[in-house]
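Student: I am new to this structure. Please take a close look at one single part of it, and then place that part in the whole.

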There are 2 protein chains.
Amino acid sequence: MLGRTYEAQDCSVARALEVVGERWSLLIIRDALFAGSTRFRDFQQALGVASNVLSARLEGFVRAGLMERRPAEGHDAYVLTAKGRDLQPVVMALADWGDKWAAPYGPPVAFEHAGCGGGARQETYCAVCAEDLGPGDVVAVRRAGSGTAGPAGRRAAE
Amino acid sequence: MLGRTYEAQDCSVARALEVVGERWSLLIIRDALFAGSTRFRDFQQALGVASNVLSARLEGFVRAGLMERRPAEGHDAYVLTAKGRDLQPVVMALADWGDKWAAPYGPPVAFEHAGCGGGARQETYCAVCAEDLGPGDVVAVRRAGSGTAGPAGRRAAE
């Protein structure tokens, strides 16, 4: 966990990154979501990450409620909770970006609907006019009563 | 930039995180996308990040093609390119997760369609059967001809 590195930021993006913003974190979540990894050695073999780093990440995920540690046959299993599984759109959005901008040999992985095999797509749309929204079509509006981006605002919101 | 920290990973998520996976990176992109920040001091005042870190991130973004540095009146402006703007779904997905799981006082910011003011939503759906897809409904399938997750596979794909 990054702790409260971004404490001055009254922002859900900052809150999310405090939980999954460290190196390797989202790749561990990716493997839990899409490779079925649950065992320490599953993650380690797939990622090649140092044991102490992997251990710190998994324990941090348990503390943050993203994973549950369950005793299994001769080992602990780290299983995503609903809170952890809800990171799927984050992982898919990163994959979409990487497929478009950083995959010179084409996307290495396709996301598919488990039910029918169709391609899984993410889109941003307007809940009122239903228009597809691209970059430039979306604005961020601070909600009334919420704090500002500064530390004072954050305190006021607490 | 993380360089090739995740080189052994033949994965678009890893490629994306090599570009925006460092501390502060996605908050800088957030401010460029949604706060209209372009100047060094805009980012610094909003984020409270150390100058050397901010400088390294902005220069890294220019090198990676996420931003262009343009001379402006008395300062340089850092302006997102199409490649940088395409990170909007990543930022929105992180915000959605943070709103749901880490915003005890409610979402501090709302995303709206600039055109009509309606709420901007992200969803994952099946391109074939059109079903809304939640966690558990999506599987990742390695494409034929792509490498494996290991270094050898990565080399084979290059």
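Tutor: Start with A:Arg41, which sits in helix H3 (residues 40-47) of chain A; helices (H or I, at least four residues) and strands (E, at least two) are DSSP runs, numbered from the N terminus. This is a predicted model, in which local features need pLDDT of at least 70, side-chain atom pairs count only at pLDDT 80 or more, and totals for chains, interfaces and linings use all residues. Residues are numbered from 1 along each chain as its sequence is written, chains are lettered from A and ligands numbered from 1 in the order in which they are written, and side-chain values use heavy atoms, with hydrogens and water left out.

With a relative accessible area of 48%, A:Arg41 is partly exposed (buried means under 20%, exposed over 50%, partly exposed in between, with a 1.4 Å probe and protein chains only). From A:Arg41 to A:Val109 there are 68 residues in sequence and 23 Å in space, C-alpha to C-alpha.

Helix H1 (residues 12-20) of chain B is largely enclosed by the rest of the structure, because 9 of its 9 residues are buried. Among them are B:Arg15, B:Leu17 and B:Glu18.

Now the two chains together. A turn of 180° and a shift of 0.0 Å along the axis lay chain A on chain B with an RMSD of 0.0 Å (least squares on the C-alpha atoms of residues with pLDDT of at least 70 in both). The two copies are therefore related as by a two-fold rotation axis.

Chain A puts 82 residues into the contact, and chain B 82 residues (heavy atoms within 4.5 Å). The copies meet through the same surface, because 100% of the interface residues of chain A are also interface residues in chain B. Between them the chains bury about 7,500 Å², 65% of it on carbon and sulfur atoms (accessible area, 1.4 Å probe, lost on being put together, summed over both). On the chain A side, A:Leu94, A:Trp97 and A:Pro108 lose the most area to chain B, together 9% of what that side buries.

Last comes the largest pocket, a set of points on a 1 Å grid over the protein atoms alone, open, with protein on both sides within 12 Å along at least five of seven lines; a 1.4 Å probe fits there, and lining residues have an atom within 4 Å of a point. Of its 36 lining residues, those closest to the centre include A:Asp96, A:Gln122 and B:Gln122. H6(A) gives the most to the lining, with 8 residues.

Definitions and conventions. Buried area = accessible area lost by both parts, 1.4 Å probe.
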